[in-house]
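Student: Before we discuss any labels, could you show me the structure, so that we can set each value against its cut-off?

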Amino acid sequence: SKISGKHKGSGLAIYVKESLLFSELSIYNQCSPNLESLFISINNTSNQNPVTIGVLYRPPSGDEHIFISELNVLLQKLPLNNVYICGDLNIDILKNSKSKFEDVIFSNGFAPLISIA
């Protein structure tokens, strides 16, 4: 999807190895001024359970409070198991010891894994 009137950005990608069978999960995909998401399901995993992979992007120009609300709605829709999400959310959770973002992540059964480059 493309945000109307936006000339830069609005693009996410997931690279998938050719040997993996996958399908796009368009019910979880969105493109708003505050949150972009792309999800796939990988169906031929070693444990035979589908794995849901998602990538998220929060544009720095977007409203952080609306992003958190949209993220909460999205996370509530996702399957309960075998879900992995990565992305660039432009939120520095290391600055705040407690944040609404973390509340949304934890309350939906996820945990952040942050690498410091």
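Student: In which helix does Asn72 lie?

Tutor: Asn72 lies in helix α1, and since this is a predicted model, what follows concerns the predicted coordinates.

Student: What makes Asn72 partly exposed?

Tutor: Its relative accessible area is 21%, and because buried means under 20% and exposed means over 50%, Asn72 falls in between and is called partly exposed. Among residues more than four places away in sequence, Asn72 touches Val104 and Asn108, while Ile105, 33 residues away in sequence, is 7.7 Å from Asn72, C-alpha to C-alpha.

Student: How do you know that the span of α1 is close to the expected one?

Tutor: Helix α1 covers residues 64–77, which is 14 residues, and reaches 20 Å from its first C-alpha to its last, against the 20 Å expected at 1.5 Å a residue.

Student: What puts the buried residues of α1 on the same side?

Tutor: The buried residues are Phe67, Ile68, Leu71, Leu74 and Leu75. They cover an arc of only 125° around the axis, and therefore lie on the same side of α1. In general, an α-helix has 3.6 residues a turn, so residues three or four places apart point the same way. The buried residues of α1 pack against β3 (36–42), β4 (51–57), β5 (83–88) and α2 (100–107), whereas the face turned away from the buried side carries the exposed residues His65, Gln76 and Lys77.

Student: Why is the pair of Tyr28 and Phe39 called edge-to-face?

Tutor: A search of the whole structure finds two aromatic pairs. In the pair of Tyr28 and Phe39, the rings are 5.8 Å apart, centre to centre, with 70° between the planes; because centres within 6.5 Å make a pair and planes over 60 degrees apart count as edge-to-face, the name applies. This pair links Tyr28, in the loop between β1 (22–24) and β2 (30–31), with Phe39 in strand β3, and both residues are buried.

Student: Why, then, is the pair of Phe67 and Phe101 called stacked?

Tutor: The ring centres of Phe67 and Phe101 are 6.4 Å apart and their planes are at 20°, and since planes under 30 degrees apart count as stacked, the pair is given that name. The pair links helix α1, where Phe67 lies, with helix α2, where Phe101 lies, 34 residues apart.

Student: How do you know that Phe67 and Phe101 are buried?

Tutor: Phe67 has 0% relative accessibility and Phe101 has 7%; because buried means under 20%, each of them counts as buried.

Methods:
Residues numbered from 1 in each chain as written. Predicted model: local features only at pLDDT ≥ 70, side-chain atom pairs only at ≥ 80, totals over all residues. Heavy atoms only, no water. Helix = DSSP H or I, 4+ residues; strand = E, 2+ residues; numbered from the N terminus. Expected span 1.5 Å × (residues − 1). Buried < 20%, exposed > 50% of the residue type's maximum accessible area, 1.4 Å probe, protein only. Arc of directions from axis to C-beta. Contact = heavy atoms within 4.5 Å. Phe/Tyr/Trp six-rings, centres within 6.5 Å; stacked < 30°, edge-to-face > 60°.
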